[in-house]
Amino acid sequence: MHSPTDAPAGTWRQLLSGRYLGTATVLAGGVALYATNVYLTTSLLPTAIDDIGGQQYYAWTATVFLIASVISSMLVTNVLAARGPRGAYLIGLAIFALGTVVCAVSPTMELLLVGRTIQGSGGGLLAGLGYAVINAALPRHLWTRGAALVSAMWGVGTFAGPAIGGVFAQFGAWRWAFGVLVIATIAVAALVPGALPAHEPGSTTSSPVPVLSLALLTAAALLVSVAGILSNIAVTAAMVLAAVLLLVAFVAADRRSRHGVLPPSTFNASSLKWVYLTIVVLAVASTVETFIPLFGQRLAGMAPLAAGFLGAALALGWTLGEIPSASATAPRMVRRIVVSGPILVAIGLGIMAAFLTEHAGAGAIVAWVIGLLVAGVGIGIAWPHLAVGAMTSVTDPGEGARASAAINTVQLIANAFGAALAGVLVNIGEPSTLRSAQLLLVTFAAIAIVGIAVAVRALPRRLDKIDRSESALDRPDIVHDTR
């Protein structure tokens, strides 16, 4: 007699046809909405700013969205416990749609930021539910396929976002791009009642929300964001320093909490903290893509559609690097891959920085694309092994799932701070777009170089003793890609 874990893996045909097609569509659709929204917004934002103003808040559009996503992602378990998969998805989709409508009708940047905050609240739920509901909505033999399908939606967003946002922005109708997103959200919501199970009391246990830790994180990210719109360098530096102190306070508070943002093993002698710090370095570096469409339009005169796809080049490199790397299992090779990640990020950002120029021609643009692809590959090759490293670095088997789930939270936090820091650097370089771009890329390349020393400690040599016969893509309990 075979145990459930011995059951043969399901097929794509089983997942994408018959009774599970609607379920797969909803799970994938929620994450696809989140991912598409990320790249849609960055593609149309330069055009939107020309229309409604507020360039000083450019980075805030990403920061407030991500902060809200962090907070709502911590509520996924509680919402599931209270409403079940069906109710939780409808809540997340409704909030996301409301925020998108606000963005579409915003006459000012300030109101657009309100919309982005509401969007982030719904998006954080959708991104977390995409993985959290798999085990309740699909049979065990389809978990791996389900997780792979959800993860693949980031690739869909990489192309759909710039295409939708860029096309509408190019014709001066950027608001309608958000309208398309609302229609897609309603379409996914219509499938939910028939695709997901209703609430079953007791099927999911709620968990305490780390209010103090989240408050400290939010305050720190907002301080950096405010620093990005100030003209006085001394005040800017003081606010960034204050944000660093709040981060120290967050670590101290989370370490004392029984139900913190991070698992307890983060603060002991395990290598988990180094895994998370490596993820932080890579996630911070990835936020350069927030400003790439703006640089493309202003330094090279690119049309919004082309600039949008330029901004997605890093994400494309991420996907291209992740797929082949996930099959590597030899411990020595895995360590080399992880350490190579920040090295390639530094090289890629350095390439783009070296070819920055006013009135850039085709040759410079090609160099930018190459640099962004190289940086993205660096993130992609390391990512799946860091996910595995998070699980194998804890001694308590019960904490492994929590350590893996926290990757999403750590990445969102790093993205929020990365976007805010990018705003500070771009603001310092103003009014010269060239100087802003150089300062951003060189600084983030330097962060990646520092990250090399962190990556070396992320996967210690004791990894040789761990059975890595399964590739990272064969682990349904691992969050593969949470861009």
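**Figure 1. A nonpolar patch on the surface.** Leu241, Val244, Leu245 and Val248 come together as a nonpolar patch on the surface, and their accessible area adds up to about 370 Å². To join such a patch, residues need over 30% relative accessible area and no salt bridge, and nonpolar side chains must lie within 5 Å; a salt bridge is a side-chain nitrogen of Lys or Arg within 4 Å of a carboxyl oxygen of Asp or Glu. Areas come from the Shrake-Rupley method with a 1.4 Å probe. Keep in mind that this is a predicted model, where local features need pLDDT of at least 70, side-chain atom pairs count only at pLDDT 80 or more, and totals for chains use all residues. Residues are numbered from 1 along each chain, and side-chain values use heavy atoms, with hydrogens and water left out.

**Figure 2. Zooming in on Leu245.** You'll find Leu245 in helix 10 (residues 233-256); helices are DSSP runs (H or I) of at least four residues, numbered from the N terminus. Leu245 is exposed, at 56% relative accessible area, where exposed means over 50% and buried means under 20%.

**Figure 3. Thr100 and its neighbours.** Now hop over to helix 4 (residues 76-105), home of Thr100. Thr100 is buried, with a relative accessible area of 0%. Leaving aside residues up to four places away in sequence, Thr100 touches Gln119, Phe178, Leu181 and Val182, a contact being heavy atoms within 4.5 Å. The side chains of Thr100 and Gln119 also make a polar contact at 3.0 Å; that's a pair of N or O atoms within 3.5 Å, one able to donate a hydrogen and the other to accept it.

Conventions. Patch = residues over 30% accessible without salt bridge, like charges linked within 9 Å, V, L, I, M, F, W, Y side chains within 5 Å. Helix = DSSP H or I, 4+ residues; strand = E, 2+ residues; numbered from the N terminus. Buried < 20%, exposed > 50% of the residue type's maximum accessible area, 1.4 Å probe, protein only.
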